[in-house]
Amino acid sequence: LVGSSALALVHAEDAPRVREALHRLLAAPESVTSVRVRVRHAVGRWRVADAFGRTLGPGAADVEGAVLVTLRDVTDAAEAT
């Protein structure tokens with residue numbers, strides 16, 4: 001996946017919300033944002049995930065404006081509700 005866009009794994013209907021969350025995050029450094037999205041699993045199925053993002057401070061990465069995103073698979077819990 002190195003060199004590819006993470007948005008390529010996000011369901012097309014969820015991509016606008018992900019872009020909006022990224023814009024909010026980059027507009028407010030030091031903030032944290034989250035969004036629930038569907039992501040494609042390696043075997044091709046869609047999984048529901050909570051994505052949490054935050055900007056990395058100066059010197060934390062080689063790229064200015066770097067963002068750390070953590071995904072948590074919540075498919076089982078989402079399907080139970």
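This report walks through the salt bridges and one nonpolar surface patch of a predicted model.

**Pairs of opposite charge**

Let's start with a general idea. Side chains of opposite charge can pair when their charged atoms come close. In this structure there are 7 such salt bridges. Three of them are set out here, each with its closest N to O distance.

| Salt bridge | N to O distance |
|---|---|
| E13 and R38 | 3.1 Å |
| D50 and R36 | 2.7 Å |
| D50 and R72 | 3.5 Å |

**E13 and R38**

Take the pair formed by E13 and R38. E13 sits in the segment before helix 1, while R38 belongs to strand 1 (residues 32–40), so their salt bridge ties together parts that are 25 residues apart in sequence. How open to the surroundings are the two partners? E13 has a relative accessible area of 58% and is exposed, because the cut-off for that label is over 50%. R38, with 27%, is partly exposed. These two residues also have company: E13, D14, R17 and R38 are linked in a network of salt bridges.

**D50 and its two partners**

Now look at D50, which has a relative accessibility of 12%. Is D50 buried or exposed? D50 counts as buried, because its value falls under 20%.

One partner of D50 is R36, and the side chains of these two meet in a salt bridge at 2.7 Å. This pair links distant parts of the chain, with D50 in strand 2 (residues 46–55) and R36 in strand 1, 14 residues apart. R36 is partly exposed, at 42% relative accessible area.

R72 also forms a salt bridge with D50, here with 3.5 Å from N to O. Since D50 lies in strand 2 and R72 in strand 3 (residues 67–73), this pair ties together parts that are 22 residues apart in sequence. R72 counts as partly exposed, with a relative accessibility of 47%.

**A nonpolar patch on the surface**

Let's leave the charges and turn to a patch on the surface. Which residues make the nonpolar surface patch? L22, V69 and L71 do, and the patch covers about 240 Å². You can find L22 in helix 1, which spans residues 15–27. L22 has 32% relative accessibility, so this residue counts as partly exposed. That value also matters for the patch, because patches are made of residues with over 30% relative accessible area.

Methods:
Residues numbered from 1 in each chain as written. Predicted model: local features only at pLDDT ≥ 70, side-chain atom pairs only at ≥ 80, totals over all residues. Heavy atoms only, no water. Patch = residues over 30% accessible without salt bridge, like charges linked within 9 Å, V, L, I, M, F, W, Y side chains within 5 Å. Areas by Shrake-Rupley, 256 points an atom, 1.4 Å probe, with all protein chains shown as cover. Salt bridge = Lys/Arg side-chain N within 4 Å of Asp/Glu carboxyl O. Helix = DSSP H or I, 4+ residues; strand = E, 2+ residues; numbered from the N terminus. Buried < 20%, exposed > 50% of the residue type's maximum accessible area, 1.4 Å probe, protein only.
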